[in-house]
Amino acid sequence: MTKKSESKIERLDYPIKTLPNGDTQNLRVFRMRGTGPGPKVYIQANVHGAEVQGNAVIFELMNFFSNHEFKGSITFVPMANPQALIHKSGTYTQGRFNPQSGKNWNRNYTDITECSHFNLNEFVNNNNNNNNETENVANNFKEYLYLSLEKERENLSKRGLSEDKSPNLILQELAAPADIILDLHTGPKATRYLYAAEYAKEKVKDLPFPFTLLIPDEYAGAMDEACFIPWVKLKEVYEKQGIDFKIPIESYTIELGSEEIISMSEAKSDAARILHLFSQRGIVPEKSLEAIFLPKTEQRVAMLSDYKTYYAPKGALVEYIASPGEFVAKDQPLYRLLNFSNLHHEEDLGECLQEVLAHEDCYIINHCPSAVINKGTALYQVMTNTFKF
Ligand SMILES: [Zn+2]
């Protein structure tokens, strides 16, 4: 029997947008504190409006932590982008791009290391790590990150904050003190996979989702990168001084299947995988997971450069033959196109259908959710040259 935790859910509402009628749109942030010191975890979901499954996973995790003891603290931000959530086109949730600017909501984060007031050399000079005081340095750096993000907000606010920057800066500030950052997304029609930075590749085995894409230790605008890049650069500055510094934080984007789907049963498996990571980091004791079913998973990994996209060779209707998660061997069919432009006589009927084969062995990660496609539409995203953990 596990003892019921003393922790309560604390709720903080952050006003993120005022509407023309004077109403305010809020970000709802929930925090749970454990029974002793331990890692700080930050989990957000649904920055892209149609990618909703992470909210169900947050619910499962809150439920777990309401009933079990844990160490440290956890900040949950479900529905982290309320304006994207209500961005509908017919019955479909668009929610990937800001309709006013056209920008992808997950490319709007700030690379704080590129801001003029952020000075890594100065920080390192004030925080020499000679005695391997990584924990002290890390705490000071988290504080510095938070204050730098606040300063950036202040600077940008002088002429008003853009709708692209404002909500994302709040999310970054909330994540700045965290040791583990999880940004929960989904693909269009997708299997379950995660993005992990190359520096953290050894740690990925503790987060047993079936597929992992290893991304370079570089900034490309996404939340996971915005969180880990300052640490990568901090390590580089220490290394130049001949000082070893192990990056103490982990930051992942997890893709939980397909958009527009809530599955409470899948959310239990998703939460079990995340709880496994937490048990390996000392947040929850392994014995408290005994009653939780962790799906047995073979983990496949590929470099981002081996993540390949198939684009439609022509406009057509498409039948997706290969499904997310499936292995497809070279020259096996991926998809079929239906197009009537070559039909003039009944003997031409065969010309209407075209089957497209896999160029090389691959695992299907994503496919486009629509059957109606133009030439050049991204149809499939596949992993090639995968290796097993
Ligand atoms: Zn997304």
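Domain bounds, as used below, come from an automatic or database domain assignment. The structure is a predicted model.

**Exercise 1. Determine how the protein is divided into domains, and how far apart the domain centres lie.**

*Solution.* Step 1: take the bounds. The assignment gives domain 1 as residues 9–297 and domain 2 as residues 306–388.
Step 2: take the C-alpha centre of each domain. The centres of domain 1 and domain 2 are separated by 34 Å.
Step 3: turn to the contacts, for which the C-beta atoms of two residues must lie within 7 Å. By this criterion, nine residues of domain 1 touch ten residues of domain 2.
Step 4: locate the domain 1 side of this contact. The elements contributing two or more residues to it are β8 (189–190) and β10.
Step 5: sort the residues of that side by character. Six are nonpolar, two are polar and one is charged.

**Exercise 2. Establish whether strand β10 is enclosed or open to the surroundings.**

*Solution.* Step 1: state the cut-off. A residue is buried if 20 or more other C-beta atoms lie within 10 Å of its own.
Step 2: apply it to the strand, which covers residues 211–215. Phe211, Leu213 and Ile215 point one way, Thr212 and Leu214 point the other way, and all are buried.
Step 3: conclude. Because five of the five residues of β10 are buried, the strand is largely enclosed by the rest of the structure.

**Exercise 3. Identify the strands that pair with β10 and give a residue pair for each.**

*Solution.* Step 1: consider β9, residues 192–197. Five bridges join β9 to β10, and the two strands run parallel. Within this pairing, Ala197 has Ile215 of β10 as its bridge partner.
Step 2: consider β12, residues 300–303. Here four bridges make the connection to β10, again with parallel strands. Leu214 stands opposite Met303 of β12.

**Exercise 4. Describe the overall fold content and dimensions of the protein.**

*Solution.* Step 1: count the elements. The protein contains seven helices and 21 strands.
Step 2: test the compactness. The radius of gyration is 23 Å, close to the 21 Å that the globule rule gives for 389 residues, so the protein is as compact as a globular protein of that length.
Step 3: read the extent. Along the principal axes, the C-alpha trace spans about 80 × 50 × 45 Å.
Step 4: assess burial. Of the 389 residues, 38% count as buried.
Step 5: examine the contacts between residues at least 6 apart in sequence. Of these, 71% join residues at least 24 apart.

How values were computed:
Residues numbered from 1 in each chain as written. Predicted model: local features only at pLDDT ≥ 70, side-chain atom pairs only at ≥ 80, totals over all residues. Buried ≥ 20, exposed ≤ 12 C-beta atoms within 10 Å, placed from the backbone. Pairing = 2+ DSSP bridges. Nonpolar A, V, L, I, M, F, W, Y, C, P; charged D, E, K, R; others polar. Rg over C-alpha atoms; globule rule 2.2 N^0.38 Å.
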